[in-house]
Amino acid sequence: MAAKDHTIFSSYQRDPALFDELYDEKGEVKNIYKTLFDLYGSHSIEDYMRLNEKAKSSFFNQGITFQVYGDKDSQEKIFPFDLFPRIIDPAEWEVIEKGAIQRSRALNLFLWDIYHDKKILKQGVVPLELVSSSENYLHQMMDVDPPGGIYNHISGTDIIKHNDGKYYVLEDNIRCPSGVSYVISNRTALKRALFGVFNHYQAYTVTNYAENLLELLETVKPKGVDSPNTVVITPGMYNSAFYEHSYLAKTMGVELVEGRDLYVENDFVYMRTIKGPEKVDIIYRRIDDQFMDPLEFRSDSALGVPGLFSAYKKGNVTLANAPGTGVADDKAVYTYMPEIIKYYLDEEPILNNVHTYHCSRKEELAYVLEHIPELVVKPVDEAGGYGISIGNKLTKEEIEKVKKQIAENPRKYVAQPIMSLSVHPTYIDETNSFEQRHVDLRTFTILGKDREFVLKGGLTRVALRRGNLVVNSSQGGGSKDTWVLKH
Amino acid sequence: MSLEYRIAYKAENQYEHPVKEARWQFLICPHEEEGQKVTSFSFGNSLNFPYEVSTNAYGFTTMRILAKAEFKHISFEADFNVLKTAASPFDFDLPLDPVEDLQRYQNLHFRVEFEPFLRRTQLTTLLEQHSKFFEYRKEKTVFENLVDLNRWVFEKIFYTPGVTHVNTTLDEIVENRHGVCQDFAHLFAAVARQFGIPCRYVSGYLHQGNGYFGDSQMHAWNEAFIQDVGWIGFDPTNNILTGENHIKVAHGKDYADCAPLKGILYSKGENTTNHSVQVHGQQQQ
């Protein structure tokens, strides 16, 4: 069926400079999208608007909201959702999945090494200063063996498709990567709004995430525990990702707790319940290292559990992710990922890394200062897209300001060429039509003892503002359901 | 020859509003190591809460109390008997070539191995303008330079209790030139680490019978790593090498790793803490 006039895609404008995932190299709608394109194309824009409202209410009804830090009038917002899904064909997905596992495994070995023998540092493959200058390199973790040898149980890998058609990793998030609950609720919302489209495609389910998370966490239970008791710990309902914490606890069928619900006695962790204390063996923690245990880290933290770290050190509780994992989540460490993969796995990286200039190196600093308009400048230690400057979007004054910031503290910044993120047709409220918007993909990888799991889907984030490249939800991004096809 | 010490530690906490739940962690127990043995030990509190023994991240013994009752006042008492064997701190040979000596500290393997004690922490960060007054003499060995640094710190700060607190920066201390043993030890560590010499912050007790500076609380000093020898104790508050009068409890990167008492309270309002430490010594044959 051909698209009718005045339908959803009839006014879709294609910028030839952008890599549009809907089309193949000949400019035709890709095979995998054809059915979907025709199905959507058979509707009028008015039909679509109605559906869109229905989807929005689905999010309200599910209670899926988030908050933005640094916003004075902060209140809960719904994460904008787009009804036109992204489709990934099985062959491409295989590469992504293998690449994500490879990175997670390499990072885990890297973490083990820098907290034990430190071979990679002694051999100078990764500079000592890169690690030692990181606040997240915890001396408390030296020679501590995490249960099952796993540090980064959960990794969120941010991947983009560049205009050369290849996938590149932008970041490995291994502190407390969030977003997986949106993957599942996007699927739920799309199914509610457009159940019929799923009859035409064989896409992998995404609702099996929680069961796999629980199963893999149980493979790294503390020694001597038969049936482990798992909990999710949250900083509380004011945290931007509270919805996700409660969602994961609910779908895993475990308790959601705050610091004050737990206490440590004789180096074992207990949960206060109305029936009396209950021993806790595995904690999926969504609080940062520094707030985890006021006796060992920040003493002004009211979020943590006093004594938790010594219980962990004794091997009586599993913490996921392990304390000190954040040192490998640093953007400066990212730039050594090809070396890290080669060093520990003796393999070539399956997914590309974006070339990175280190402002801590004199010659690279000079290059960066002269080429700001062509580069993306990022602070090495900020999450959520904060503090990023995109060179070709800056005014002259802004360029000078960025240069000054870098010159004052070169170690704090890295720069990368401006990657051209692929675009995907996205419904835009203001114009009531589909427009090209940049997208990325966050995949979720879980490492257990000798096992791993990658969620077949992931979170496609959309930069809703025209021309914007930053897709984080805190920076005004939305998301799409992401289908990985079975065949 | 050996010396026996009796150490009495007391802490008293007073709260404005009743506390319903609290947890304290004490890092006050003398460390068992060569030349230092704990022969007896007692620990108690005025409300008879039980305590548990654990270790902190660096492996030093901690005592913890979990209090679940309503109270406005509590006192803690610990008594330790410690046997010290005197050893001469100068019982080693100095390297012959000072240049080669310092070069060994630049070796990558060495720097990786000792990274925790080479790191600048918040409490041991010093502006360059403040440390440049101490001149490292290349014709001297590392050990000799550290002895000079010990004296430099001793002369730089006037021992004055009550003018600095946990959040006073090292730069403020160097500018105002007043401080207590923690400040001396942080300054020593900051400068030694700037020269690439691994340095620990040490917390412990000082027997003050000999007129040394210290106070009626816990003392602080340093250990610096000397090639082929090991960790050597420097007490910049008194411009001496540590000896049989120093009873070590714990070490870390700085005070934050060694705080003798940490309390987590679930209560509002002000609270006050008073500590006192008494060290009595007697020589034994």
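Modeller: Before we start, a word on terms: the domain bounds used here come from an automatic or database domain assignment. Please also keep in mind that this is a predicted model.

Colleague: Thanks! How many Å separate the centres of domain 1 and domain 2 of chain A?

Modeller: Let's place the two domains before we give the distance. In chain A, domain 1 covers 223–316 and domain 2 covers 355–417. Taken over C-alpha atoms, their centres are separated by 38 Å.

Colleague: Which helix gives the most residues to the largest nonpolar core?

Modeller: That core has 115 residues, and those touching the most other members are Phe110(A), Ile114(A), Val269(A), Ile283(A), Leu308(A), Val377(A) and Ala415(A). The top contribution is nine residues, and the element that gives them is residues 90–114 of chain A, helix 3.

Colleague: And where does this core lie relative to the domains of chain A?

Modeller: Residues of the core come from domain 1 (223–316) and also from domain 2 (355–417) of chain A. Because both domains contribute, the place of the core is between them.

Colleague: Ile283(A) was on your list, so which residues does Ile283(A) touch, not counting those up to four places away in sequence?

Modeller: Happy to list them. With residues up to four places away in sequence set aside, the partners of Ile283(A) are Val231(A), Ile233(A), Val317(A), Thr318(A) and Leu319(A).

Colleague: How many residues are in the other core, the one with Trp24(B)?

Modeller: This core lies apart from the one we have been discussing. Its members include Trp24(B), Trp152(B), Ile197(B) and Phe225(B), and its residue count is 62.

Colleague: Is Ala311(A) buried or exposed?

Modeller: Ala311(A) belongs to helix 9 (residues 308–313) of chain A. Its contacts beyond four places in sequence are Val264(A), Asp267(A), Phe268(A), Val269(A), Asn316(A) and Val317(A). The cut-off for a buried residue is 20 or more other C-beta atoms within 10 Å. Ala311(A) has 25 C-beta neighbours inside 10 Å, so it counts as buried.

Colleague: How far apart in space are Ala311(A) and Val269(A), C-alpha to C-alpha?

Modeller: Val269(A) is one of the residues that Ala311(A) touches. In sequence the two are 42 residues apart, while in space the C-alpha to C-alpha distance is 6.9 Å.

Colleague: What is the distance in space between Phe84(A) and Asp113(A)?

Modeller: Phe84(A) sits in strand 1 (residues 81–88) of chain A and is buried, with 23 other C-beta atoms within 10 Å. Leaving aside neighbours within four places in sequence, it is in contact with Tyr40(A), Pro425(A), Thr426(A), Tyr427(A) and Lys480(A). Phe84(A) and Asp113(A) are 29 residues apart in sequence, and their C-alpha to C-alpha distance is 44 Å.

Colleague: Are helix 3 and helix 11 of chain A roughly parallel or roughly perpendicular to each other?

Modeller: The axes of helix 3 and helix 11 (residues 337–345) of chain A are 9 Å apart, at an angle of about 75 degrees. Angles from 65 to 115 degrees count as roughly perpendicular. Helix 3 and helix 11 of chain A are therefore roughly perpendicular.

Colleague: Which residues of helix 11 of chain A meet helix 3 of chain A?

Modeller: From helix 3 of chain A come Gln102(A), Arg103(A), Arg105(A), Ala106(A), Leu109(A) and Phe110(A). By class, this contact has eight nonpolar, one polar and two charged residues. On the helix 11 side of chain A, the residues are Met337(A), Ile340(A), Ile341(A), Tyr344(A) and Leu345(A).

Colleague: Which element of chain B gives the most to the side that touches chain A?

Modeller: Between the chains, 19 residues of chain B are in contact with 21 residues of chain A. Strand 1 (2–26), strand 3 (51–55), strand 4 (61–85), helix 2 (108–113) and strand 12 (261–265) of chain B each supply at least two residues of that side. The top contribution is four residues, from chain B's helix 2.

Colleague: Within chain B, how many Å separate the centres of domain 1 and domain 2?

Modeller: Domain 1 of chain B is made of 2–84 + 259–284, and domain 2 is 91–257. In the contact between them, 21 residues of domain 1 meet 19 residues of domain 2. Over C-alpha atoms, the distance between the centres of these chain B domains is 26 Å.

Colleague: Last one: what is omega for the cis peptide bond at Asn321(A)?

Modeller: Asn321(A) lies in the loop between strand 10 (318–320) and helix 10 (331–334) of chain A. The cis bond joins Ala320(A) to Asn321(A), with omega at about -5 degrees.

Terms used: Residues numbered from 1 in each chain as written. Chains lettered and ligands numbered in written order. Predicted model: local features only at pLDDT ≥ 70, side-chain atom pairs only at ≥ 80, totals over all residues. Core = buried A, V, L, I, M, F, W, Y, C linked by C-beta atoms within 7 Å. Buried ≥ 20, exposed ≤ 12 C-beta atoms within 10 Å, placed from the backbone. Contact = placed C-beta atoms within 7 Å. Axes fitted to C-alpha atoms, helices over the stretch in contact; angles between N-to-C directions. Parallel < 35°, antiparallel > 145°, perpendicular 65-115°, else oblique. Nonpolar A, V, L, I, M, F, W, Y, C, P; charged D, E, K, R; others polar.
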